[in-house]
Protein chains: 2
Amino acid sequence: MTTLTNVTDSATAKGEQTRELILSTALRLFREQGYGKTTMRAIATEAGVSVGNAYYYYGSKDHLMQAYYDLLQDQHREAVEPVLAAERAFVPRLTGVLLTWLEVAAPYHEFAGTFFKTAADPKSPLSPFSDESRPAREASIEIFRRLVEGSDLKVPAELREELPELLWLLQMGVVLFWVHDQSADVRRTKTLVNRAVPLVDKLLRLTRVPGVRGVTNDLVGLIRSIKP
Amino acid sequence: MTTLTNVTDSATAKGEQTRELILSTALRLFREQGYGKTTMRAIATEAGVSVGNAYYYYGSKDHLMQAYYDLLQDQHREAVEPVLAAERAFVPRLTGVLLTWLEVAAPYHEFAGTFFKTAADPKSPLSPFSDESRPAREASIEIFRRLVEGSDLKVPAELREELPELLWLLQMGVVLFWVHDQSADVRRTKTLVNRAVPLVDKLLRLTRVPGVRGVTNDLVGLIRSIKP
DNA sequence: GGGCGCACTTGAACATGTTCAAAAAGTCGG
DNA sequence: CCGACTTTTTGAACATGTTCAAGTGCGCCC
């Protein structure tokens, strides 16, 4: 990306190597002792570099978290493939996608709270609504677009169009619940998913009932009117 | 609370005075320069006390924010009185309560993001779901209970029971939206409230339609199954 | 080979939230 | 008013995220 040398690609390669070393060390320490207790100094020492060097690659401690989140997204995208390939019905598709996320994110549950803390700040680049995280967000919404398009779900066209984003919002809600879930093996969150998805399905099918149609249109209108 | 002296009530009075001095100074500085840019040293200096003294009364900078939030709650509770006294119909009642919150919180919009940031951390005592903030939360839910009970709304009994908590959740959602709203005079949030409330109203009235009844029961069941 | 430029690296210095042992101020029974 | 006890106050010390001016090394051109 930066140098065009091709003999050994050393310049770029070395930098990338350091970058990855720092990230993997950071993630390991986050997992082992939590975000709060992991100091930038510890990360640097453990990785065998200086503190300043870590900042050369990652503008802040939060950016290391951001990088972790991107990784998580990728893993989720990958892990979701078999589900989308195997199922056609809406309920198992959505349940699968949400439960898969829980599985992928499980090792990080303990410090995910701190992640959310940072993410909730509108000024933070990590906010799920920020410009800076747009690529990650859109990649995530893309999963839900495929989920909808490949499913047997029948809903009014306007609603279908907004659905991926709405399902993404649903996932944000699930994540918020998950972060606060202290039950063993996050059983409560799993219950939430398993029971909420059929409910969402029922609701979506109801949108075709005449009496409900008006509400659906209102909803779509509302969504469109508040988009930035 | 601590001493029973009544001659001048000096001991307690002096302590309380210092406590209030620190809080009001902090809130002023938060408003003037934002949460992040206000240092504990600045608060102490401005209030004419030592840094340690601020920590004697407030365990952390976040606790000063917590105190602010409690104040906000109180103001909201008060400001909402006329609305609940004047209106009987559900839509204006709910719209009024939500818009009133926006009004009361307006002066703090700029630094409210940082507040939410802290609040989103499940480990933080400021989390709206935490034990430590239970009193504030319940006081807030109480407003919605009165809103529902004094209204002309007709919904199934089980749902009505859960409604105050659900409306409180709705408010959390509005607040989240508000925090991220950068439009002038938070017009988008106001639009959201004005359009979402009638929609909620329609939805609630639909719960009495036979075909929808099943979904309502599912919803109530879901809510009860995931409560801690 | 020598030097120029750039990517990379360093570690000390800084800013700020937080802690804490000690001092000061206040209270009260005698 | 004294001395013991409690409440309040102090400010220096600490921990940690972040910045930055100064290196270090590597590739490339003459």
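**Exercise 1. Phosphate contacts of strand D**

A polar side-chain atom of B:Thr18 lies 3.2 Å from a phosphate oxygen of DNA strand D. The model is predicted. Task: find backbone atoms that approach a phosphate oxygen of DNA strand D, one in A:Met40 and one in B:Ser50.

*Solution.*
- Step 1. Start with chain A. A polar backbone atom of A:Met40 is 2.8 Å from a phosphate oxygen of DNA strand D.
- Step 2. Go to chain B. For B:Ser50, a backbone N or O atom sits 2.8 Å from a phosphate oxygen of the strand.
- Step 3. Apply the cut-off. A polar contact needs N or O atoms within 3.5 Å. The 3.2 Å of B:Thr18 meets it. The 2.8 Å of A:Met40 meets it too, as does the 2.8 Å of B:Ser50.
- Step 4. Place the surface on the fold. In chain A, helix 2 (40-47) and helix 3 (51-57) each give two or more residues to the surface near DNA strand D. In chain B, helix 1 (10-33) and helix 3 (51-57) do so.

**Exercise 2. The surface near strand D**

Task: describe the residues that surround DNA strand D, by number, class and source.

*Solution.*
- Step 1. Count them. DNA strand D is surrounded by 20 residues. The closest are A:Met40, A:Arg41, A:Tyr55, B:Ser50 and B:Tyr57.
- Step 2. Look at the DNA side. Of the atoms of DNA strand D within 4 Å of the protein, 58% belong to sugar and phosphate.
- Step 3. Sort by class. Eleven residues are polar, six are nonpolar and three are charged.
- Step 4. Find the main source. Helix 3 of chain B gives the largest share, four residues.
- Step 5. Check the record. In an unreviewed entry, UniProt places a "DNA-binding region" at residues 39-58 of chain A. In the model, that span is 75% helix and 0% strand. Its end C-alpha atoms lie 14 Å apart.

**Exercise 3. Aromatic pairs in chain A**

Task: classify the ring pairs A:Phe30 with A:Tyr35 and A:Trp101 with A:Trp178.

*Solution.*
- Step 1. Take the total. Over all chains, the structure holds eight aromatic pairs.
- Step 2. Examine A:Phe30 and A:Tyr35. The ring centres are 4.9 Å apart and the planes meet at 55°. The pair is tilted.
- Step 3. Check burial. A:Phe30 has 0% relative accessibility, so it counts as buried. A:Tyr35, at 7%, counts as buried.
- Step 4. Examine A:Trp101 and A:Trp178. Here the centres are 5.1 Å apart and the planes lie at 85°. This pair is edge-to-face.
- Step 5. Place the tryptophans. A:Trp101 is in helix 5 (residues 90-105) and A:Trp178 in helix 8 (residues 157-180), so the pair ties together parts 77 residues apart in sequence. Both A:Trp101 and A:Trp178 are buried.

**Exercise 4. Two buried residues**

Task: work out the surroundings of A:Val174 and B:Arg137.

*Solution.*
- Step 1. Locate A:Val174. It is in helix 8 of chain A.
- Step 2. Test burial. A:Val174 has 8% relative accessibility, so it counts as buried.
- Step 3. List its contacts. Beyond four places in sequence, A:Val174 touches A:Thr189 and A:Val193.
- Step 4. Relate it to A:Trp101. A:Val174 and A:Trp101 are 73 residues apart in sequence. Their C-alpha atoms are 10.0 Å apart.
- Step 5. Turn to B:Arg137. This residue is in helix 7 (residues 134-149) of chain B. At 14% relative accessibility, B:Arg137 is under the 20% cut-off and therefore counts as buried.
- Step 6. List the partners. Outside four places in sequence, B:Arg137 touches B:Pro128, B:Phe129, B:Ser130 and B:Trp168.

Note on methods
Residues are numbered from 1 along each chain as its sequence is written. Chains are lettered from A and ligands numbered from 1 in the order in which they are written. This is a predicted model: local features need pLDDT of at least 70, side-chain atom pairs count only at pLDDT 80 or more; totals for chains, interfaces and linings use all residues. Side-chain values use heavy atoms; hydrogens and water are left out. A residue is near a molecule or strand if one of its heavy atoms lies within 4 Å of it. A polar contact is a pair of N or O atoms within 3.5 Å; within protein, one must be able to donate a hydrogen and the other to accept it, and residues adjacent in sequence count only if both atoms are side-chain atoms. Ala, Val, Leu, Ile, Met, Phe, Trp, Tyr, Cys and Pro count as nonpolar, Asp, Glu, Lys and Arg as charged, and the others, Gly among them, as polar. UniProt positions are given in the numbering used here, feature names are shortened, and annotations may be inferred rather than shown by experiment. Buried means under 20% relative accessible area, exposed over 50%, partly exposed in between (1.4 Å probe, protein chains only). Contact means heavy atoms within 4.5 Å. Rings of Phe, Tyr and Trp (its six-membered ring) pair if their centres lie within 6.5 Å; planes under 30 degrees apart count as stacked, over 60 as edge-to-face and the rest as tilted.
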